[in-house]
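Open the model in your viewer and get ready to select a few things by chain and residue number. We will go stop by stop, with a word on what to look for at each one.

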Amino acid sequence: MQAQEFIEKLYQTSQEQGLNQFQIDYTQSESSNLRVMDGKIENRSFKNVQHLSFSVKEGKNIGSIESDKLEEEDILLIIKEAKENALLLDNEEENFFFGEKREYPIVKKNTPIKDYEKLDKEQFLLSLEKAAYAKDKRVKKVISCYLNEGKYHTAIRNSLSLNVSEGATWAFAGIYVSVEENGIIKTASEYVKFDKKEDLNPELMVQKAVEKALKKLNPISIPSGKYKIVFENECFAELLNVMKNLFSAAAVEEQHSKLGDKLGQKIAAACVTLLDNPLLDNGYRTRAFDGEGYPSQTNVIIKNGVLQTLLHNLRTAHKFGVEPTGNGIGGGERGVFYSNFYIENGNLSQDEVLQQTGDGVYITDLTGTHAGYSIVSGDFSFGAEGFLIRNGKIDKALNQLTISGNVYELLQDIVLIGNDLKFAPDACGAPCVAVKPMQISCN
Amino acid sequence: MLDKNLVAEILTEALSTGGDYAEIFVENTLANNLFTSERKIKNSTSDLSYGAGIRIFDGVNFVYAYTNLMDRENLLKTAQIAAKGIKSGQKDIKFDLRDLELERKHRIQKPFESKSKKEKADLMLKISEYALNASPLVCKADANYGEKTRHTLLANSLGVWAEDTIARSRFFLSAISQKDNLTEAAGDNFGGLYGLELFDGRNLQEFAENVAADSVSRLSAELCPSGKMDVVIGNGFGGVIFHEACGHGLEATRVALNASVFCGKLGQQIASPLVTAYDDATIDHAWGSINVDDEGVKTQRKLLIENGILKSYMVDRLNGRRMGMEPNGCSRRQNYTFAPTSRMSNTFIANGKSTQDEIIANTEKGLFAEKMGGGSVSPTTGEFNFSVDRAYLIENGKITKQVKGAKLIGSGQEVLQNIDMVGNNMSLACGMCGSISGKIPTTVGQPTIRVRNITVGGQK
């Protein structure tokens, strides 16, 4: 059965069954993945899948069923399961569907450039791998060399007359290399999303990846202690990814964030402005509405260091007595989620940030960010890679590092912000950031 | 689920560019889960899944494509897209799809739909209540119940047409106890290829009270000492060490890529002569059992190790080609979004001759790791570390006091050689095993065994 026909039938049957409030979330996605190893296409995979969540509100509760089976014979089963799930739950707070008539913003999504269509993808990957081995004799192994492209379409329709849909296409390629010198092995990766002409040039991607890895060779050790820190842009974006949950109203409820009573208070250095912006042009998570169908809006979370808002879905907004912020997850999950989440650019170039820092440590990579963070206290201890900063310039590579601190203190301790904002594929972004001395230990 | 003629067309399409083998796997699943906590029904979820995966081989290269748009046009298109990945010139492969005759074991007695979710949740709340009432120190009891019915079809260009239905259910209970500033949790579960008869013939009150007692007793456990000692590992879930540190190394997934310490060791002594071990997917109603594997090969009882000598690996079709071996019915996947590969089912060390009492009485000084917890193993070196959930010190052949925080550290090869007593109380325990073809239900098992000289990491 075709998806449109199925959704129509499910909608009608739900009405006939006398369901009071219900919602259908539908997503269809296609993608293909190519991998090259040792001069050959090692593996290809393709997918073309659809997924439906059907949710029913009974009393205060919303119950759901997840299904990727869209067959007429299952419509009654889908309705029965979702309704039974809703009736079973004992939660005290009310859940909502969105149904107000609202204008939806027009957004500009990230898409591959026109020239990408003409690209011979197999050839691109083969030459990417070849270029990496040819780049420098210290390149030990191209660990991974891949290209993924696809598209998705998502739609939400409910009994409160909400009916919205949108979609996107994407393509990205990446390479992950290791280099070896004097028995020391270092790795680095680079990726492109084909949204500018230079992304079609494999040489350029290889150059960046290999240079990044080579710079890490011949590391030196420094005594453990407190050092002024400059985080590379993408590296601070990774830290933001770790701490983003602090700003979720759902995390405040679960006592996983201490920011619940800090609205209007200074929680970060005055130079910090933090946004969640689903309307950002060409962003990884640019969208016109959230998972609950609520229109997207730009949320300034921190302005000049002061906490302006938490991020809400329909349920938490009602509970906290505020307007929703358009950060809901739909389907059966009904949580709070992020879009393009980033620190706004400052005025200084990366060179100026380094110069004004003088001496310290430049951090480029973090490891173990999932395990080394306490959501209760905000304390963290991560593995890291980095370089010495001497006389305002990046100097020698450093042996394996650990960096420890506390996310609440870190926000307050930011001293300089660069103007080189960069996003990671998880849609967190930051410019380079200099902070007051932090605890570093070096192997 | 799909018409035979359509399936034949799909396979023919898949072979059109030179593949020498093609298969289609179709899956239709309904799963339900319930969660109760704080005397309330906190969550109830349902998941309906229907999709197909098409795999084509060209020698040892392969392509995998999957979809859940199950109309004729799209299925043929998916086969075409997959076939485009192979360019070695069409071979003349003819096949005739014939039903694979299967002994369909594990039939259920009480279908899942014979009780409402409310009735099931009420039973969960009742079992939780037994735990809450067992001791004033128990402050929380959480229960989880999951049920799943999986219909599968595997058809391939060797002419295999294998359809099967498996129903699985599992129940978990955990209890949290508090005293002064200490909090300790304990849990247990049971499951298998059962309908609602899963709960029949069990003393549920005793089960819940044991979980409660386990969490309470941990409140007064002392810190475990560190050092090398003889360790008696309890039966049932104790087999997790064998599963992780040895079982994975016997999967063709690793052996074919020369990434296992057991490569090239067939016929060699890899364990103490007391060790005989099987992977047996045919055990009635066991959690890890299946009738036919996910590439259409009937399952077997495989002797892995006999009196310490390595007898066989677990071999799937693709890696079998790499190793020059026949597949032996162990290829599995979480669902249609994964290509299958060799995996374990019910993997266990067989019974020996000693009783558990004899094993403990013969141990002058050591640790009794009665209930194992989680752990990890490095696939390349075989080194593992596991935590012990419930452990006791053994002094002069007697269990003296409960200890906590124990970790066992070592390597799989070493432990296998150092097993010097094997009990006669083999039992199986449910688990979920994660690997490249996703998470699948497996059981681990063993009788009580003694291993000489393991490094125990404690906090003292």
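Start with chain A and colour its three domains: domain 1 covers 3-88, domain 2 covers 114-149 + 167-215, and domain 3 covers 225-241 + 345-442. Keep in mind as you look around that this is a predicted model. Now pick domain 2 and domain 3 of chain A together; the distance between their C-alpha centres is 25 Å.

**Where the chains meet**

Next, show both chains and select the contact between them. Chain A contributes 22 residues to the contact and chain B contributes 25 residues. On the chain A side, highlight strand E2 (40-58), strand E3 (61-67) and helix H2 (75-88), each of which supplies at least two residues. Which of these elements gives the most to the side of chain A that touches chain B? It is E2(A), with seven residues. Colour this side of chain A by class and you will find six nonpolar, seven polar and nine charged residues.

Stay with E2(A) and add strand E3 (residues 61-67) of chain B: the two run parallel and are joined by five bridges. For a closer look, select Arg44(A), which has Val63(B) of E3(B) opposite.

**Across the domains of chain B**

Now move to chain B, where you can colour domain 1 (4-32 + 43-99), domain 2 (112-149 + 165-219) and domain 3 (227-457). Select domain 1 and domain 2 of chain B: their C-alpha centres are 41 Å apart. Five residues from domain 1 of chain B are in contact with five residues from domain 2 of chain B. On the domain 1 side, strand E1 (residues 21-37) of chain B gives the most, with four residues. By class, that side of domain 1 of chain B has two nonpolar, three polar and no charged residues.

**Into the cores**

Select Ala14(B), Ala131(B) and Ala369(B) next. These are the residues with the most contacts inside the largest nonpolar core, which has 132 residues. Apart from this core lies another, of 64 residues, including Leu239(A), Ala249(A), Phe387(A) and Val435(A). Back at Ala14(B), show the residues around it: leaving out those up to four places away in sequence, Ala14(B) touches Gly19(B), Ala22(B), Ile54(B), Ile56(B), Ala79(B), Ala82(B) and Ala83(B).

**A sheet in chain B**

For the next stop, select the six strands of an open sheet in chain B, which follow the order E12-E11-E10-E15-E22-E21 with mixed pairing. At the edges are strand E12 (309-310) and strand E21 (427-435) of chain B, each pairing on one side only. Inside the sheet, pick E10(B) and strand E15 (residues 346-349) of chain B, an antiparallel pair with three bridges. Asp279(B) has Thr347(B), in E15(B), as its bridge partner.

Now add helix H5 (residues 240-247) of chain B, which lies across E10, E15, E21 and strand E22 (438-446) of chain B. The helix runs at about 120° to E22(B).

**Last stop: a serine in a loop**

Finally, find Ser260(B) in the loop between helix H6 (252-255) and strand E10 (277-280) of chain B. Is Ser260(B) buried or exposed? Ser260(B) is buried, because 22 other C-beta atoms lie within 10 Å. Setting aside neighbours within four places in sequence, Ser260(B) is in contact with Gly249(B), Arg254(B) and Val255(B). To finish, draw a line from Ser260(B) to Leu223(B): they are 37 residues apart in sequence and 35 Å apart in space, C-alpha to C-alpha.

Methods
Residues numbered from 1 in each chain as written. Chains lettered and ligands numbered in written order. Predicted model: local features only at pLDDT ≥ 70, side-chain atom pairs only at ≥ 80, totals over all residues. Core = buried A, V, L, I, M, F, W, Y, C linked by C-beta atoms within 7 Å. Buried ≥ 20, exposed ≤ 12 C-beta atoms within 10 Å, placed from the backbone. Contact = placed C-beta atoms within 7 Å. Nonpolar A, V, L, I, M, F, W, Y, C, P; charged D, E, K, R; others polar. Pairing = 2+ DSSP bridges. Domains from an automatic or database assignment. Axes fitted to C-alpha atoms, helices over the stretch in contact; angles between N-to-C directions.
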